[in-house]
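Me: Please take a close look at one part of this model, the packing of two helices against each other. After that, add whatever can be said about the main pocket and any unusual backbone geometry.

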Amino acid sequence: MIRYRSGLDPDAAVDALKSAIEAADMRLVSHINGQANAAMIGTEVPADQILEVFRPNFALRVWEASKPAGIEIPLRIHVYQEGFDAPASIAFRTASEAFAPYGSTDLNAIGKELDAIFFQILAAVPEEGAL
């Protein structure tokens with residue numbers, strides 16, 4: 001698991017990640033905005049957002065390599081705050097880590113390919129400190 005604190009506020013971090021996802025030719029499958037959902041029930045919480053990211057051609061390859069591994073996709077980037085005034089923190093489980101339990105050589109190769117793409121995406125939100 002990759003976890004780090006950025007120097008950006010959560011909105012800037014999410015915007016930078018969305019731009020990087022597009023630049024990497026990946027797809028934002030879903031943007032789950034926990035703070036917006038909490039606001040719907042009258043509760044204010046620090047930032048807590050999840051970006052689900054993948055691409056159909058990778059999904060087809062994952063399913064071909066191991067249908068049960070489909071539970072691992074799309075991959076998720078978690079953007080959150082430890083408190084209201086804190087900068088954005090980032091958490092991401094690499095594809096290699098997600099696919100490792102399946103013991104598939106093909107999945108391992110896909111994982112390495114995806115890891116390189118996701119490291120490129122995460123570089124849009126530089127690390128200011130480890131968590």
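Reply: In this predicted model, helix α3 (residues 56-65) and helix α5 (residues 105-122) have axes that come within 9 Å and cross at roughly 155°. Two packed helices are described by exactly these terms, the angle between their axes and the distance between the axes. Angles over 145 degrees count as roughly antiparallel, and α3 and α5 are therefore roughly antiparallel to each other. The crossing in which α3 passes α5 is left-handed.

The residues that make this contact can be listed from both sides. From α3 come F58, R61, V62 and A65, and these meet D106, L107, I110, E113, L114 and I117 of α5. Sorted by class, the contact of α3 with α5 holds seven nonpolar residues and three charged ones, with no polar residue.

Next, the pocket. The largest pocket has a volume of about 240 Å³. Its lining consists of 13 residues, and those lying nearest the centre of the pocket are P74, L75, R76, F92 and R93. Two strands, β4 (75-80) and β5 (89-92), each supply at least two residues of this lining. Of the elements involved, β4 gives the most, with three residues. By class, the lining of the largest pocket divides into nine nonpolar residues, three charged and one polar.

One of the residues nearest the pocket centre, P74, also stands out in the backbone. The peptide bond from I73 to P74 is cis, and its omega is near 0°. P74 sits in the loop between α3 and β4. This loop thus links the two topics above: α3 is the helix whose axis comes within 9 Å of that of α5, and β4 is the strand that gives the most to the pocket lining.

A second backbone feature is found at D25. This residue has a positive phi of about 60°, although it is not a glycine. D25 lies in the loop between α1 (10-23) and β2 (27-33). As background to both cases, most residues other than glycine have a negative phi, and most peptide bonds are trans.

Note on methods
Residues are numbered from 1 along each chain as its sequence is written. This is a predicted model: local features need pLDDT of at least 70, side-chain atom pairs count only at pLDDT 80 or more; totals for chains, interfaces and linings use all residues. Side-chain values use heavy atoms; hydrogens and water are left out. Axes are lines fitted to C-alpha atoms, for helices over the stretch in contact, and angles run from 0 to 180 degrees between N-to-C directions. Helices (H or I, at least four residues) and strands (E, at least two) are DSSP runs, numbered from the N terminus. Angles under 35 degrees count as roughly parallel, over 145 as roughly antiparallel, 65 to 115 as roughly perpendicular and the rest as oblique. A crossing is left-handed if the near helix is turned anticlockwise from the far one by less than a right angle, and right-handed if clockwise. Contact means heavy atoms within 4.5 Å. Ala, Val, Leu, Ile, Met, Phe, Trp, Tyr, Cys and Pro count as nonpolar, Asp, Glu, Lys and Arg as charged, and the others, Gly among them, as polar. On a 1 Å grid over the protein atoms alone, a cavity is a set of points where a 1.4 Å probe fits but cannot get out, and a pocket is an open set with protein on both sides within 12 Å along at least five of seven lines; lining residues have an atom within 4 Å of a point. Grid points are joined across faces, edges and corners, and a volume is the space filled by probe spheres set on the points.
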